[in-house]
Amino acid sequence: MSYEVRLKRLPGNEDVPIPQKMSDLASGFDLYAAAAEPITLQPGERTLVPTGIAIAMPAELEAQIRPRSGLALKHGITCLNSPGTIDADYRGEIKVLLVNLGQSAFTIERKERIAQMVFQVVPSVRLEVVAELDDTVRGAGGFGHTGKQ
């Protein structure tokens with residue numbers, strides 16, 4: 001199934017590459033920093049990084065913003081609230097909430113790849129309030145209920 005997603009490059013960001021897949025079978029589109037000046041993140045700091053783009057997608061899609069594995073491994077740079085969700089009715093600039101979990105300061109340069117955007121189909125769901133739920137083997141077992149493997 002193929003979906004059309006419209007992309008608007010915001011004024012002043014004509015030099016920033018549009019999101020792109022870095023290989024034929026990649027699931028995510030790399031997003032690029034559109035900050036006017038370099039942003040330095042000290043260890044433990046977080047910031048919103050603009051991408052210079054806005055999108056319009058069909059109602060049955062969402063866009064998830066996820067970390068880039070290389071930045072996470074090499075520098076401890078990751079996305080908070082990951083995956084972040086871009087709803088189908090949002091038309092503002094996509095911004096990426098980055099945090100530095102590493103040991104050293106990290107500088108984000110304009111046009112640097114900072115995250116990836118993965119599109120997902122969102123099912124139509126109707127919640128039904130009931131008095132009781134059916135039983136399962138797991139029941140109400142929560143975090144760590146199956147023990148360490």
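**Close-up 1. The open sheet of three strands in the predicted model, with the order β4-β9-β7**. The pairing within this sheet is antiparallel, and the edge strands, each of which pairs on one side only, are β4 (46-50) and β7 (77-79). From one strand to the next, the twist averages 40 degrees. Strands of a sheet pair through backbone hydrogen bonds, in either a parallel or an antiparallel sense.

**Close-up 2. The pairing of β4 with strand β9 (residues 95-100)**. These two strands run in the antiparallel sense and are joined over five bridges. Within this view, T47 stands opposite L98, the latter belonging to β9.

**Close-up 3. The surroundings of D30 in strand β2 (residues 29-32)**. D30 has a relative accessible area of 7% and is therefore counted as buried, the cut-off for this class being under 20%. Its side chain makes a polar contact with the side chain of R113, at 2.7 Å. When neighbours within four places in sequence are left aside, the residues in contact with D30 are P19, Q20, M22, R68, R113, A115 and Q116, so that R113 appears both in this list and as the partner in the polar contact between side chains.

**Close-up 4. G70 in helix α1 (residues 69-75)**. With a relative accessibility of 25%, G70 counts as partly exposed, because this class lies between the limits of 20% for buried and 50% for exposed residues. G70 and S2, which are separated by 68 residues in sequence, lie 28 Å apart in space when the distance is taken from C-alpha to C-alpha.

Conventions:
Residues are numbered from 1 along each chain as its sequence is written. This is a predicted model: local features need pLDDT of at least 70, side-chain atom pairs count only at pLDDT 80 or more; totals for chains, interfaces and linings use all residues. Side-chain values use heavy atoms; hydrogens and water are left out. Helices (H or I, at least four residues) and strands (E, at least two) are DSSP runs, numbered from the N terminus. Buried means under 20% relative accessible area, exposed over 50%, partly exposed in between (1.4 Å probe, protein chains only). A polar contact is a pair of N or O atoms within 3.5 Å; within protein, one must be able to donate a hydrogen and the other to accept it, and residues adjacent in sequence count only if both atoms are side-chain atoms. Contact means heavy atoms within 4.5 Å. Two strands pair if DSSP finds at least two bridges between them. Axes are lines fitted to C-alpha atoms, for helices over the stretch in contact, and angles run from 0 to 180 degrees between N-to-C directions.
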